[in-house]
Amino acid sequence: MITIVKESATPAQLEHFVSWTQDRGFRTNVSQGENETIVGIIGDTSRIDPLLLEPMGIVEEVRCVSDPFKKANRTFHPEDTAIDCGHGVRIGGGNFHVIADPRCVEGESIHRIAEVAKAARATLLRGSPYRSSTNPYSYQGMGAAGLGLLARVGHDVGMPIMDEVMDTRDVGLFVDKGIDVMQIGTRNAQDFALLREVGRTRVPVLPKRGRSETIDELLMVTEHVMSEGNSRVMLCERGIRTFEARTRYTFDVNAIPTLHRLSHLPVIADLNHAAGSRRYAAPVAPAACAAGADGLMVEVHDNPNEARSGGATALTPEGFATTMRRVSLVRDAVTTRLE
Ligand code: PEP
């Protein structure tokens, strides 16, 4: 249920209304927008008689929200949310950023890759010291040493860093090392214990859509994080499994405007994991931007042929720079209004 608060309501009346609601066992979500203040009421709201709210004098309108996802719901929070990722990088609400992704942290090469990415105007760096892989015999990453290295490189080049957390036991370590954004990969998409654990931190979280997850299921994933108190959440479309076998997954470009309609959270598009080949990822990046993505994750490696993971999908530094220029042209085109 959402309640639209009257313009005349004082802060004291609003506070009284919120405590009245919470005293009855409900959770609340207050969204103070430019034009209106909305109080979202979460719980079994069939127990609330809207007529009871009227005498409080501050409720303009009551509307029922039937979607099971509440905190991520645009009805609860009509304005776009921007997430502060550190180093002055805010994603969403009109701010567009590219996350450079060499996949694994393999050693000092991460420093060179970060410099290349920054020169091409990427603003975040993703690298995984722990690799999530379907194959247990493939390269599994550098482990904890890589986490420290990534943090140092992020600090040196002045970019927020993102890393994938796969185990509830590592969340504290990620916080201690100053990881700026915690990614939840598709393989952990519905690991609810992990989602709740990152929800108990204040670090921005990027849950990727599960390979066979519907859009509503992805939104319920965010609810697990947000219901623990962490509202710094972004959404990631990374391709879903379909019958098509020519690409690794099918990038669902429809998911971008659909998520924007349903939710106020920023939407990131991860192209390379869906495409499974740099040949397809590069042309799809401008398309995701045109569809309204708030950010892109683009794989880049200074020497893809020698990469220990993701060599076939990573762009070369030249390919990355070209893709960035194309994305920038599309971004300018879609944000410029035709007169
Ligand atoms: C990754 O980002 O390294 C990864 C394996 O992605 P996904 O979880 O989307 O497969």
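A polar contact is a pair of N or O atoms within 3.5 Å of each other. In the predicted model described here, the side chain of Q183 meets this criterion, because one of its N or O atoms is 3.0 Å from an oxygen atom of the ligand. Two further side chains approach the ligand in a similar manner. A polar side-chain atom of K208 lies 2.9 Å from a ligand oxygen atom, and for R238 the corresponding distance is 2.6 Å. The protein covers 95% of the 290 Å² of accessible area that the ligand has on its own.

The surroundings of the ligand comprise R126, S132, E164, Q183, G185, T186, R187, K208, R238 and H273. The space that the ligand takes up is the largest pocket.

Charged side chains also pair with one another within the protein, and the structure holds 14 salt bridges. One of these links D302 with R112, with the closest N and O atoms 2.7 Å apart. D302 is located in the loop between strand 14 (295–299) and helix 11 (317–335), whereas R112 belongs to helix 3 (residues 109–119); the pair therefore ties together parts that are 190 residues apart in sequence. Both residues fall between the limits for buried and exposed, which are under 20% and over 50% relative accessible area. D302 counts as partly exposed because its relative accessibility is 25%, and R112 is also partly exposed, at 49%.

A salt bridge within a single helix is formed by D156 and R152, whose closest N and O atoms are 4.0 Å apart. These residues are 4 positions apart in helix 4 (residues 144–157), so about one helical turn separates them. D156 has a relative accessibility of 45% and counts as partly exposed. R152, at 38%, is likewise partly exposed.

Another salt bridge joins the side chains of E228 and R200, with an N to O distance of 3.2 Å. Here both partners lie in loops: E228 in the loop between helix 7 (215–226) and strand 12 (235–237), and R200 in the loop between helix 6 (192–199) and strand 11 (205–207). The pair therefore ties together parts that are 28 residues apart in sequence. E228 is partly exposed, with a relative accessible area of 28%, and R200 is partly exposed at 47%.

Salt bridges that share partners also join D101, R126 and E164 into one network. Of these residues, R126 and E164 are among those around the ligand.

Key:
Residues are numbered from 1 along each chain as its sequence is written. This is a predicted model: local features need pLDDT of at least 70, side-chain atom pairs count only at pLDDT 80 or more; totals for chains, interfaces and linings use all residues. Side-chain values use heavy atoms; hydrogens and water are left out. Helices (H or I, at least four residues) and strands (E, at least two) are DSSP runs, numbered from the N terminus. Buried means under 20% relative accessible area, exposed over 50%, partly exposed in between (1.4 Å probe, protein chains only). A residue is near a molecule or strand if one of its heavy atoms lies within 4 Å of it. A polar contact is a pair of N or O atoms within 3.5 Å; within protein, one must be able to donate a hydrogen and the other to accept it, and residues adjacent in sequence count only if both atoms are side-chain atoms. Accessible areas come from the Shrake-Rupley method with a 1.4 Å probe; for residues, only the protein chains shown count as cover. On a 1 Å grid over the protein atoms alone, a cavity is a set of points where a 1.4 Å probe fits but cannot get out, and a pocket is an open set with protein on both sides within 12 Å along at least five of seven lines; lining residues have an atom within 4 Å of a point. A molecule sits in a cavity or pocket if more than half of its atoms lie within 2 Å of its grid points.
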